[in-house]
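Here are a few short exercises to work through with the model open beside you. Try each task yourself before reading its solution.

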Amino acid sequence: MRQAIDNAEAVLIKCGRELQSTTDYRELTIQAIASASGMATGTFYNYFESKDELIDRILSQEWDELLERFDAQIKPGCTHKFAGNYVYDLIDAYEKKYVW
């Protein structure tokens, strides 16, 4: 009997995000993402058409998170230099997080 997985899409995104941070993009496979999620490869395709679609979703979410952090940190009256340095630090941390 098939077992329903609560929040399967969120689980795939979470596992994809974790694997993306440690695996070269070319070596990251849908099978690996599905396996790490405890799902069959076919289940992956119920939520995403391709690995690229999943990665696009992950990157979009992470960009939104970076913007939220930026908005929370930058206050009226802060200098352009402070804002610029903060953006640089966010992007630097993001780049170091992933294997490009």
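## Exercise 1: Two helices that cross

In this predicted model, α1 and α4 pack with their axes 10 Å apart, at an angle of about 85 degrees. Classify the arrangement of this pair, then list the residues that meet.

**Solution.**
Step 1. Angles from 65 to 115 degrees count as roughly perpendicular. α1 and α4 are therefore roughly perpendicular to each other.
Step 2. On the α1 side, the residues that meet α4 are Glu9, Leu12, Ile13, Gly16, Arg17 and Gln20. On the α4 side they are Leu54, Ile55, Arg57, Ile58, Leu59, Gln61, Glu62 and Glu65.
Step 3. Sorted by class, this contact holds six nonpolar, three polar and five charged residues.

## Exercise 2: The buried side of α1

Find the span of α1, its buried residues, and the helices these residues pack against.

**Solution.**
Step 1. α1 covers residues 8–20, which makes 13 residues. From first C-alpha to last, α1 reaches 18 Å, close to the 18 Å expected at 1.5 Å a residue.
Step 2. Ala8, Leu12, Ile13, Cys15, Gly16 and Gln20 are the buried residues of α1.
Step 3. Their packing partners are α2 (30–37), α3 (41–47) and α4 (51–73).

## Exercise 3: The nonpolar core

Which residues make up the largest nonpolar core?

**Solution.**
Step 1. The core has 12 residues: Ala8, Leu12, Ile13, Leu28, Ile30, Ile33, Met39, Phe44, Phe48, Leu54, Ile55 and Ile58.
Step 2. At least two residues of this core come from each of α1, α2 and α4.
Step 3. Take Ile13 as an example: leaving aside neighbours within four places in sequence, its contacts are Phe48, Leu54, Arg57, Ile58 and Gln61.

## Exercise 4: Buried or partly exposed?

Decide whether phenylalanine 48 is buried or exposed, do likewise for valine 11, and find the contacts of each.

**Solution.**
Step 1. Phenylalanine 48 sits in the loop between α3 and α4. Its relative accessibility is 1%, and the cut-off for buried is under 20%, so phenylalanine 48 counts as buried.
Step 2. Beyond neighbours within four places in sequence, phenylalanine 48 is in contact with Glu9, Leu12, Ile13, Glu53, Leu54 and Arg57.
Step 3. Valine 11 belongs to helix α1. At 25% relative accessibility, valine 11 counts as partly exposed.
Step 4. With neighbours within four places again left aside, valine 11 is in contact with Asp6, Ser37 and Met39. Valine 11 and alanine 34 are 23 residues apart in sequence, and their C-alpha atoms are 9.4 Å apart in space.

Definitions and conventions. Residues are numbered from 1 along each chain as its sequence is written. This is a predicted model: local features need pLDDT of at least 70, side-chain atom pairs count only at pLDDT 80 or more; totals for chains, interfaces and linings use all residues. Side-chain values use heavy atoms; hydrogens and water are left out. Helices (H or I, at least four residues) and strands (E, at least two) are DSSP runs, numbered from the N terminus. The expected span of a helix is 1.5 Å times one less than its number of residues. Buried means under 20% relative accessible area, exposed over 50%, partly exposed in between (1.4 Å probe, protein chains only). Contact means heavy atoms within 4.5 Å. Axes are lines fitted to C-alpha atoms, for helices over the stretch in contact, and angles run from 0 to 180 degrees between N-to-C directions. Angles under 35 degrees count as roughly parallel, over 145 as roughly antiparallel, 65 to 115 as roughly perpendicular and the rest as oblique. Ala, Val, Leu, Ile, Met, Phe, Trp, Tyr, Cys and Pro count as nonpolar, Asp, Glu, Lys and Arg as charged, and the others, Gly among them, as polar. A nonpolar core is a set of buried Ala, Val, Leu, Ile, Met, Phe, Trp, Tyr and Cys residues joined through side-chain atoms within 4.5 Å.
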